[in-house]
Amino acid sequence: MILGAAIGAFLGSRIIGFLENPTLNIENVIQLYNNKTIMGGLFGGLLGVEITKLFIKEKKSSGDLFVFPLILGIGIGRIGCFLSGVNEFTYGKPTNFFMGMDLGDGVLRHPTSLYEILFLIGLAFVLYQVKQRITLENGTLFKLFMLSYFWFRFLIEFIKPNEFFILHLSSIQWLCITCWLYYSKSIIKLSKQCLQENTTITTSH
């Protein structure tokens, strides 16, 4: 499963990285290989694991073990992105917002890497509380992480200077929608579970 995750993450990160600006990537072969994104890596790794599990006939989910290491790893990566400034395509659009920063080009921009670090800290805290207080099925914590992180990335893409759009959405945003559709049954199941939990708590009080 780890091999499947590694292969899926490698392919996914580069395919989505290519789709962020396919015209530019075709013109620059070196950039075509080097361009990659964590979003494609996460979803590609997920598909790689699921395909591998079909071959080895494994039904047990192990994604929960990777939730907090992934949050830590992404957070450390975003520190590097922030320190790279405009040399790394993770910066935001120009802004007059009070958190606007000069990231190296003399323009006040949204420090989207810092926004993401703050979000990841909050997400880690919330998921830890959920893990401690609610009995979840195996794999549910990982699904909550994926749904939450992809929701955040969908929103933050609106303040990033993307240049390639399909129906006014970036390739990352379309990937987020794909992830939500992939987990659509899980979303419905989780919603029902939350309603049942609230009903039980209300009745007991």
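R109 is a charged residue that counts as buried here, at 12% relative accessibility. In this predicted model, R109 forms a salt bridge with D105, and the closest N and O atoms are 2.8 Å apart. The partner, D105, is partly exposed, with a relative accessible area of 33%. Let's use this pair as a way into the rest of the chain.

## The chain as a whole

How far can you trust the model? The average pLDDT of the chain is 85, and 87% of the residues score at least 70. Please take care with residues 201-205, where pLDDT stays under 50 and the model has zero contacts beyond four places in sequence.

The chain holds nine helices and two strands. Following the sequence, you will meet them in the pattern α-α-α-α-α-β-β-α-α-α-α. Of the 205 residues, 39% count as buried. Among contacts with a separation of 6 or more, 63% are made by residues 24 or more positions apart. On the outside, the accessible surface comes to about 12,600 Å², and carbon and sulfur atoms account for 68% of that.

## Salt bridges

Side chains of opposite charge can pair when their charged atoms come close. How many salt bridges does a search of the whole structure find? The count is five. Three of these pairs are set out below, the R109 pair included.

| Salt bridge | N to O distance |
|---|---|
| R109 and D105 | 2.8 Å |
| E157 and R153 | 3.5 Å |
| K53 and E50 | 3.9 Å |

The K53 pair sits within one element: K53 and E50 both lie in helix α4, three residues apart, which is about one turn of the helix. Is K53 buried or exposed? K53 is buried, with a relative accessible area of 9%. E50, on the other hand, counts as partly exposed at 28% relative accessibility.

For the E157 and R153 pair, both residues are buried. This pair also belongs to something wider, since R153, E157 and K160 are linked in a network of salt bridges.

## Aromatic rings

The search of the whole structure also finds 10 aromatic pairs. One of them brings together F119 and F152: their ring centres are 4.3 Å apart and their planes lie at 10°, so the pair is stacked. This pair links distant parts of the chain, with F119 in helix α6 (residues 112-133) and F152 in helix α7 (residues 140-156), 33 residues apart. F119 counts as buried at 19% relative accessibility, and F152 is buried too, with a relative accessible area of 11%.

There is also a cluster of rings to look for, in which ring pairs link F142, F145, Y149 and F150.

## Two buried glutamates

E116 is worth selecting in your viewer, as several residues already mentioned turn up around it. E116 is found in helix α6 and is buried, with a relative accessible area of 4%. Which residues does E116 contact, leaving aside its neighbours within four places in sequence? They are I74, R78, Y149, F152 and R153. Of these, F152 is the stacking partner of F119, Y149 belongs to the ring cluster, and R153 takes part in the salt-bridge network.

E20 offers a second example, this time from a loop. E20 lies between α1 (2-19) and α2 (22-27), and counts as buried at 16% relative accessibility. Although E20 and S171 are 151 residues apart along the chain, their C-alpha atoms are separated by 5.5 Å. Apart from neighbours within four places in sequence, E20 is in contact with T37, F89, F164, S171 and I172.

## A nonpolar patch on the surface

Finally, turn the model to find M1, L47, I51, F55, I56 and Y182, which form a nonpolar patch on the surface with about 600 Å² of accessible area together. Which helix gives the largest share of this patch? That is helix α4 (residues 38-56), with four residues. F55 is found in helix α4 and is exposed, with a relative accessible area of 70%. Helix α4 is thus a good place to end the tour: it holds the exposed F55 as well as the K53 and E50 pair, of which K53 is buried.

How values were computed. Residues are numbered from 1 along each chain as its sequence is written. This is a predicted model: local features need pLDDT of at least 70, side-chain atom pairs count only at pLDDT 80 or more; totals for chains, interfaces and linings use all residues. Side-chain values use heavy atoms; hydrogens and water are left out. Patches are made of residues with over 30% relative accessible area and no salt bridge: like charges are joined within 9 Å, nonpolar side chains (Val, Leu, Ile, Met, Phe, Trp, Tyr) within 5 Å. Accessible areas come from the Shrake-Rupley method with a 1.4 Å probe; for residues, only the protein chains shown count as cover. A salt bridge is a side-chain nitrogen of Lys or Arg within 4 Å of a carboxyl oxygen of Asp or Glu. Buried means under 20% relative accessible area, exposed over 50%, partly exposed in between (1.4 Å probe, protein chains only). pLDDT is the predictor's confidence in each residue, from 0 to 100. Contact means heavy atoms within 4.5 Å. Rings of Phe, Tyr and Trp (its six-membered ring) pair if their centres lie within 6.5 Å; planes under 30 degrees apart count as stacked, over 60 as edge-to-face and the rest as tilted.
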